[in-house]
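Thanks, everyone, for making the time; I would like to walk through one model this morning, moving from its sheet to a few individual residues. Please keep the structure open on your screens while I talk.

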Amino acid sequence: MELTESNLFSGLPPAELLRLGRLAAELSYPAGACIFQEGEPGDAIYVVKSGWVQISARTESGQRLMLSRILPGEIFGEMAVLDAQPRSATASVEEPTVVYRIPRQELLGLIETSPKLALAVMRAISLRLRDFNYRYVRTVLTTERMALIGRFANSIVHDLKSP
């Protein structure tokens, strides 16, 4: 997967693709490596060239919860770059992975001059939020159903013990 083949950049004019290619650094990570951690500054976005990246966050109980899996051609790390806030999740790899790293300032400069890129970034964020919302609602509904079944079973057992 080349950088220019990513859905995010596929609609850009050739001059902007060339500029983007000069800005991006190709980085390789071995299995088990961490690309960035929660709380770190958002200094770049990444595009997966090969392999896959796991995005996870620590819950209040201290457990790590996988939020999403980023596949070749997809971006990650864009939220902290755009809102200038610390990273809200950790990005790590479970198999050897190659990514393109695009520094924050250079990306923001390119977004300012490219309405197509700005729209593509907004679409990518929107799709990610929709997917996260869908999975979150599904998880909440499943949890509620299981709790209801547990209460129902408990009621039946109680009724059987004391008719």
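Strand S3 and strand S8, the latter covering residues 97-103, pair in the antiparallel sense over 6 bridges, and within that pairing you will find Val48 standing opposite Val99 in S8. I should say at once that this is a predicted model, and that what I describe is to be taken in that light.

S3 itself runs over residues 44-50, and it also pairs with S6, again in the antiparallel sense, over 2 bridges. If you look along that pairing, Val47 stands opposite Ile75 in S6, while Tyr46 stands opposite Phe76, also in S6. As for how covered S3 is, 6 of its 7 residues are buried, so that the term I would use for the strand is mostly covered, given that buried here means under 20% relative accessible area.

Stepping back to the sheet, 4 strands form it in the order S1-S8-S3-S6, the sheet is open, and the pairing is antiparallel. Its edge strands are S1, residues 25-29, and S6, residues 75-76, each of which pairs on one side only. As a general reminder, the strands of a sheet pair through backbone hydrogen bonds, in either a parallel or an antiparallel way.

Let me turn to Arg104, which sits in helix H3, residues 104-113. What does this buried arginine have nearest to it in the way of an oppositely charged side chain? That would be Asp83, but Asp83 is 7.1 Å away, and Arg104 has no salt bridge, the cut-off for one being 4 Å. There is, however, a polar atom of the Arg104 side chain that lies 2.9 Å from the backbone oxygen of Val81.

A second residue to inspect is Ala84, in the loop between helix H2, residues 78-83, and strand S7, residues 90-93. Its phi is near 55°, a positive value in a residue other than glycine. Is Ala84 buried or exposed? With a relative accessible area of 51%, Ala84 is exposed.

Finally, on the surface there is a nonpolar patch formed by Phe132, Tyr136, Val137, Val140 and Leu141, which together have about 440 Å² of accessible area. One of these, Val137, is found in helix H4, residues 115-161, and Val137 counts as partly exposed because its relative accessibility is 46%.

Conventions: Residues are numbered from 1 along each chain as its sequence is written. This is a predicted model: local features need pLDDT of at least 70, side-chain atom pairs count only at pLDDT 80 or more; totals for chains, interfaces and linings use all residues. Side-chain values use heavy atoms; hydrogens and water are left out. Two strands pair if DSSP finds at least two bridges between them. Patches are made of residues with over 30% relative accessible area and no salt bridge: like charges are joined within 9 Å, nonpolar side chains (Val, Leu, Ile, Met, Phe, Trp, Tyr) within 5 Å. Accessible areas come from the Shrake-Rupley method with a 1.4 Å probe; for residues, only the protein chains shown count as cover. Buried means under 20% relative accessible area, exposed over 50%, partly exposed in between (1.4 Å probe, protein chains only). Lys and Arg count as positive and Asp and Glu as negative; His and the chain ends are not counted. A polar contact is a pair of N or O atoms within 3.5 Å; within protein, one must be able to donate a hydrogen and the other to accept it, and residues adjacent in sequence count only if both atoms are side-chain atoms.
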